[in-house]
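Biologist: I'm new to this one and would like a walk through it. Could you pull it up so we can both look?

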Amino acid sequence: TTAPAATEPSAAATAPETMAPPAAAWRAPESNDPAPSDAAGVSAEPSAIPSANLASAALASKPWANAPLTDVETGETFTIAELAGKPLFIETMAIWCGNCRAQQGRFTEAFAQMAPGTAEYVVLTVDPSETAEDLARYKSERGFAGRYAVAGKELARALDAEFGPNAINPPSVPVIFVSPTGEVEFSTGPEAVERIVEKAGV
């Protein structure tokens, strides 16, 4: 079956969007690994380890954090893990998803209240019929903040494997938050502007 044109809703859009109730946040299990050691073999205190290193280590084994992505606006190649060390929000979406547009509007409003570089916001389409060109046009027309990229099948499968099917169900408004020290939290449902700003540490 031929996929619908990018300017038309995908098959998933024919069903009414239903907002999932805010779920209890999923958090990554605590690691039992020993703390990193210094050159003398003495375990370093967590407070002495740069947060970027902690966050990078926490994401090192996660396929979804290390899959190559391309910013549809700049053409820059990046991975989610490379952005670790700052408050990091990852939203999965589809162009046809009204709940997603509303959420991206709230994130754009929240980021307007922050100094540049305070936090990172990555937005990934998980609809396989949507192209980088479609997504770049969508972002530009609406003036949204953040880095937008096409997730691709492998990354979508990795998100599903770690967080469950809601991670690739755009109308449930899924968001992954990675703290500056690498704690990972998954939630669904709308994020208020004030809560986004608070989580960014502003």
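Biologist: Let's start with a phenylalanine. Is F163 buried or exposed?

Modeller: One thing first: this is a predicted model. For F163 the relative accessibility comes out at 9%. Buried means under 20%, so F163 counts as buried.

Biologist: Which residue does F163 form a stacked aromatic pair with?

Modeller: Look at helix α5 for F163, then go to strand β8, 23 residues away in the chain, for the partner. That partner is buried too, with a relative accessible area of 7% for F186. The ring centres sit 5.3 Å apart with 25° between the planes, and planes under 30 degrees apart count as stacked. So the partner of F163, by that cut-off, is F186.

Biologist: How many aromatic pairs does the structure hold, and why is the pair of F107 and Y121 called stacked?

Modeller: The structure holds 9 aromatic pairs. In the one you picked, the ring centres of F107 and Y121 are 4.2 Å apart, and because their planes meet at 10°, the pair is stacked. Both F107 and Y121 are buried. So the total is 9, and the value behind the stacking of F107 and Y121 is a plane angle of 10°.

Biologist: Which parts of the chain does the pair of F107 and Y121 tie together?

Modeller: F107 belongs to helix α3, which covers residues 98-111, while Y121 belongs to a strand. Those parts are 14 residues apart in sequence. F107 and Y121 also share one aromatic cluster with F89, F111 and F177. The parts tied together by the pair are therefore α3 and β5.

Biologist: Which element gives the most to the largest nonpolar core?

Modeller: That core has 27 residues, and those with the most contacts inside it are W64, I90, L124 and I176. Elements giving two or more residues to it include α1 (51-59), α2 (63-66), β7 (175-178) and β8 (184-187). The top contributor gives 4 residues, and that is α5.

Biologist: And how many residues are in the other core that lies apart from it?

Modeller: Among the members of that other core are C100, M114, V123 and I196. Its residue count is 25.

Biologist: Back to W64: which residues of β7 does W64 touch, leaving aside neighbours within four places in sequence?

Modeller: The contacts of W64 include L59, I80, I90, L155, A158, L159, E162 and F163, along with V184. Strand β7 covers 175-178. Matching that range against the contacts of W64 leaves I176 and V178.

Biologist: What is the handedness of the disulfide?

Modeller: A search of the whole structure finds 1 disulfide, and it joins C97 to C100 with an S to S distance of 2.4 Å. Both ends count as buried, C97 at 0% relative accessibility and C100 at 0% as well. The torsion about the S-S bond is about 80°, so the disulfide is right-handed.

Biologist: Which residue has its backbone oxygen 2.6 Å from a polar side-chain atom of T92?

Modeller: T92 sits in strand β4, residues 88-93, and is buried with a relative accessible area of 3%. Its contacts beyond four places in sequence include C100, L124, V126, L159, I168, P170 and P174. The backbone oxygen you're after, 2.6 Å from the T92 side chain, belongs to A167.

Biologist: What is the phi of V173?

Modeller: Most residues other than glycine have a negative phi. V173 is not a glycine, yet its phi is positive. V173 lies in the loop between α5 and β7 and counts as buried at 0% relative accessibility. Its phi is about 55°.

Biologist: Last one: where does pLDDT stay under 50?

Modeller: The chain averages a pLDDT of 83, and 74% of the residues score at least 70. One stretch under 50 has 13 contacts beyond four places in sequence, and that is residues 1-16. Another has 12 such contacts, and that is residues 29-49.

How values were computed:
Residues are numbered from 1 along each chain as its sequence is written. Side-chain values use heavy atoms; hydrogens and water are left out. pLDDT is the predictor's confidence in each residue, from 0 to 100. Contact means heavy atoms within 4.5 Å. Buried means under 20% relative accessible area, exposed over 50%, partly exposed in between (1.4 Å probe, protein chains only). A polar contact is a pair of N or O atoms within 3.5 Å; within protein, one must be able to donate a hydrogen and the other to accept it, and residues adjacent in sequence count only if both atoms are side-chain atoms. A nonpolar core is a set of buried Ala, Val, Leu, Ile, Met, Phe, Trp, Tyr and Cys residues joined through side-chain atoms within 4.5 Å. A disulfide is a pair of cysteine sulfur atoms within 2.5 Å. Rings of Phe, Tyr and Trp (its six-membered ring) pair if their centres lie within 6.5 Å; planes under 30 degrees apart count as stacked, over 60 as edge-to-face and the rest as tilted.
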